[in-house]
Amino acid sequence: FFLQSIDVQVHENVLQFRAQGHGAKGQNEYGFSLEFLLPVKPEVSHKSTQRQVNITVGKQQRGWWERLTVRERKPVFLAPDFDRWLDESDAEMEIREKVRLNNCFVSLKTGFLFVYNLVQFLGFSWIFVNMTVRLFIFGQDSLYDTFHTISDMMFFCQILACVEVLNAAFGFVRTAVIPTLIQVVGRNFILFIIFGSLEEMHSRPVVFFVFYLWSAVEIFRYPFYMLGCFDTEWKTLTWLRYTVWIPLYPLGVLAEAVAVIQSIPLFDETKLFSIPLPKAIGTSVSFSYVLHVYLVLMFLGLFINFRHLYKQRKRRFRTKKRKAN
C-alpha cells in the first residue's frame, strides 16, 4: 500500500485528509474528516510509511481531553500512538512539571535582572552622589580630578553594561538590540579609548560632564527596571525615566563629541593607535582620521537612539492614557 499527494489541513477545528493511494483494489482516492473535541492549532504535520500515516496536531491549550473527537465513537481507521500516550494523571503531572520548570526559569530570570539593575543603580548612584558632593566642597577644582576619583567605578559599571546587549539579544528583556549596542559601544569607546588611553585627557573638565550626564540618566533608568521586574510601577519614577533623557541624552552626546575633538590633536601628537602603512610609502595613518569618522557616526547614533527612546516614551504614555479613559 502506497500513498501519494497527501494533503492534510485543519480548518475551523476540523482536520481534512485527502490522498491518492494504490492498494489491493488498485488506484483510489482516500479521504476523511475529523472534528476535534476542543480547539487545536491550525499547524499540522504528517509522516507517511507503508503501514500508516502519522498526523501530529497541537492543542490550543494544554490539558486532559475526555476523547479526541466530538463524536463519542472512535473511527475504525484511527489509532493512537501508544508510545506517546498519557492517561489523565500522567498528563496532569507533565503539565505541572512544565509549569514548575517555567516558573523556576522565570524566577531565576527575574532575580538575575533585579540583581543586575540593583548593582548598576548602586554604582551610578555612588558616582552621581560622589561627584555632586565633591562639586559642592571643592568647586571647580573637582572638575579636574574626576577621572582619578571616579574612573574605577565607571569602568566597572560600563563593562557590566555589556550584559544589556546579551539580555536584549537572548530575549531576556523586550528591547531592540541595535539601540542598546550603539549606546554600550559608544560609551565604552569614549571611556576606554578617549579617556583611558590618553593620560592627558584625565585632567580635562569634559570628563566630569560626560560622567555626570551618564550617571544622571542611569539613576532613574535602573530603579525603573528594578520595579518592572515585579510588575510594580511608581508613576513619578516612570515619568522621570521617560523624560529626563530628553535634555540629558543630547547633552551627553555633545559632551562626548567635545571629548573626541579635544583628543584628536593628542592622538596626532602621540601617534597612538596609528595605522602603519607599507615601508614604500614610509608613513602611517593617524587615528584621528578614525575619530573624524566616529564623530559622524556618533550623531547618526544619536538620531537612531533618540528616535527609539521617543517612540518608547510615546508608546508608554499613550498606553497610560488609553487605560485611564
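S142 occupies the loop that connects helix α1 to helix α2 (146-160). In this predicted model, S142 has a relative accessibility of 3% and therefore counts as buried, the limit for that class being under 20%. The side chain of S142 reaches the backbone oxygen of G139 at 2.7 Å. When neighbours within four places in sequence are left aside, S142 is in contact with R134, L135 and F208. One of these residues, F208, also belongs to the α5 side of the contact between α2 and α5.

The protein as a whole contains 8 helices and 7 strands. Of its 325 residues, 34% are buried. Among contacts with a separation of 6 or more, 62% involve residues that lie 24 or more positions apart.

Helix α2 packs against α5 at an angle of about 40 degrees, and the two axes are 11 Å apart. An angle of about 40 degrees exceeds the 35 degrees under which a pair counts as roughly parallel and falls short of 65 degrees, where roughly perpendicular begins, so α2 and α5 are oblique to each other. Their crossing is left-handed. On the α2 side the contact is made by T146, F147, I150, S151, M154 and Q158, and on the α5 side by V207, F208, F211 and W214. By class, the residues of this contact comprise 7 nonpolar and 3 polar, with no charged residue.

Helix α2 also packs with helix α3 (residues 162-169), here at an angle of about 15 degrees and with the axes 4 Å apart. Because angles under 35 degrees count as roughly parallel, α2 and α3 are assigned to that class. The contact joins Q158, I159 and L160 in α2 to C162, V163 and E164 in α3. It divides into 4 nonpolar residues, 1 polar and 1 charged. Q158 of α2 thus takes part in the contact with α3 and is also listed in the contact with α5.

A further packing partner of α5 (residues 205-228) is helix α7 (residues 245-270), with an angle of about 155 degrees between the two and a distance of 9 Å between their axes. The value of about 155 degrees is over 145, so α5 is roughly antiparallel to α7. The crossing of α5 past α7 is left-handed. From α5, the residues V206, F209, V210, L213, W214, A216 and V217 meet L248, L251, G252, A255, E256, V258, A259 and Q262 of α7. This contact has 12 nonpolar, 2 polar and 1 charged residues. W214 of α5 appears in the contact with α7 and likewise in that with α2.

Helix α1 (residues 88-138) contains F128, and F114 is placed in α1 as well. F128 is separated from A216 by 88 residues in sequence, yet the C-alpha atoms of the pair are 6.7 Å apart in space. Apart from neighbours within four places in sequence, F128 is in contact with Y212, S215, A216 and I219. A216 is also among the α5 residues that meet α7. For F114, the C-alpha atom lies 8.2 Å from that of L227, a residue 113 positions away along the chain. Not counting residues up to four places away in sequence, F114 touches M226, C229 and F230. With a relative accessibility of 25%, F114 counts as partly exposed, because this class covers values between 20% and 50%.

Positive phi values occur at two residues described here. D231, a residue other than glycine, has a phi near 55 degrees. This residue is found in the loop between α5 and α6 (235-241), and its relative accessible area of 76% makes D231 exposed. F273, likewise not a glycine, has a positive phi of about 60 degrees. F273 is located in the loop between α7 and β6 (275-276) and is partly exposed, with a relative accessible area of 39%.

Note on methods: Residues are numbered from 1 along each chain as its sequence is written. This is a predicted model: local features need pLDDT of at least 70, side-chain atom pairs count only at pLDDT 80 or more; totals for chains, interfaces and linings use all residues. Side-chain values use heavy atoms; hydrogens and water are left out. Axes are lines fitted to C-alpha atoms, for helices over the stretch in contact, and angles run from 0 to 180 degrees between N-to-C directions. Angles under 35 degrees count as roughly parallel, over 145 as roughly antiparallel, 65 to 115 as roughly perpendicular and the rest as oblique. A crossing is left-handed if the near helix is turned anticlockwise from the far one by less than a right angle, and right-handed if clockwise. Contact means heavy atoms within 4.5 Å. Ala, Val, Leu, Ile, Met, Phe, Trp, Tyr, Cys and Pro count as nonpolar, Asp, Glu, Lys and Arg as charged, and the others, Gly among them, as polar. Buried means under 20% relative accessible area, exposed over 50%, partly exposed in between (1.4 Å probe, protein chains only). A polar contact is a pair of N or O atoms within 3.5 Å; within protein, one must be able to donate a hydrogen and the other to accept it, and residues adjacent in sequence count only if both atoms are side-chain atoms.
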